[in-house]
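This report describes selected features of a predicted model. Please consult the sequence and the coordinates alongside the text.

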Amino acid sequence: MKIICIGRNYVDHAKELNNPVPTEPVFFLKPETALLPKKNPFVYPSFSKNVQHEVEIVIMINRLGKHIEEKFAHKYYNEIGIGVDFTARDLQQECKEKGLPWEKAKAFDGSAPTSPFVTIDQFNDINNLVFSIQLNGETKQVGNTKDMLFNFDQIVAYVSKFFTLKIGDIIYTGTPAGVGPIKIHDKIDCFIENKKMLGFNVK
Ligand code: MG
């Protein structure tokens, strides 16, 4: 399986990092080894001094697809979850300045903790969904999927132009404003609407 991540999909977040607002989706990949096994803590990597949380809604692909038209894209996912796109911001900054790829800042082991997935029919409207992250019980980011620059269907259509989407692939759909550093011993909890979907500690 592959993990596809959309960047700069919320205007307020693009602006907080002084990035331009994109005119087409920005995306990158994480390998399967970026998943965090259930019940494991996130181990703070020794190569960074500024790992930051980015809470994101994640969709799971349930059909094989390539060159998917936007109007059919909704048929290619039926479950959503929530995840954290952990980012070694110091390394990312260095990569950006040098014009290098971001993988070592974004795709390291454990950098994609993801909740269990639930079917989308459990929600009134997945295009108007509130989600959030707490650090030690304090809310740090709150987003609403209605504020995405590119919605789920547009993302699936766009990404499938480049990559065949396979059953079990997951797509992180971007983070709202409020990203910030984590530290060892933090307790991280992620919510869709008011339901806690994911919780783990930083070690
Ligand atoms: Mg992200």
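Does Glu-54 count as buried or exposed? Glu-54 counts as buried because its relative accessibility is 4%, which falls under the 20% limit.

## Magnesium site

Glu-54 is one of the protein donors of the magnesium ion. The protein donors are Glu-54 and Glu-56, each through OE, and Asp-85 through OD, at 2.0 to 2.1 Å from the ion. Along the sequence, these donor residues follow the spacing E-x1-E-x28-D. Glu-56 has 0% relative accessibility and therefore counts as buried.

## Gln-141 in strand 9

Strand 9 spans residues 138-144 and includes Gln-141. With a relative accessibility of 0%, Gln-141 counts as buried. Its side chain reaches the backbone oxygen of Pro-176 at 2.8 Å.

Leaving aside neighbours within four places in sequence, Gln-141 is in contact with residues including the magnesium donor Glu-54. Among its other contacts are His-53 and Val-55, Phe-131, Ser-132 and Ile-133, and Thr-175, Ala-177, Gly-178 and Val-179.

## Helix 4

Helix 4 comprises residues 152-162, and 8 of its 11 residues are buried, so the rest of the structure largely encloses it. The buried residues are Phe-152, Asp-153, Ile-155, Val-156, Ala-157, Tyr-158, Val-159 and Ser-160. They pack against strand 1 (3-7), strand 2 (26-30), strand 4 (55-61), strand 5 (77-84) and strand 10 (170-172).

At the start of helix 4, the backbone nitrogen of Asp-153 has a side-chain oxygen of Asn-151 within 3.1 Å. Asp-153 is also among the buried residues of this helix.

Key:
Residues are numbered from 1 along each chain as its sequence is written. This is a predicted model: local features need pLDDT of at least 70, side-chain atom pairs count only at pLDDT 80 or more; totals for chains, interfaces and linings use all residues. Side-chain values use heavy atoms; hydrogens and water are left out. Donors are N, O and S atoms within 2.8 Å of the metal (3.2 Å for Na, K and Ca); water is not among the atoms, so sites may look incomplete. Buried means under 20% relative accessible area, exposed over 50%, partly exposed in between (1.4 Å probe, protein chains only). Helices (H or I, at least four residues) and strands (E, at least two) are DSSP runs, numbered from the N terminus. Contact means heavy atoms within 4.5 Å. A polar contact is a pair of N or O atoms within 3.5 Å; within protein, one must be able to donate a hydrogen and the other to accept it, and residues adjacent in sequence count only if both atoms are side-chain atoms.
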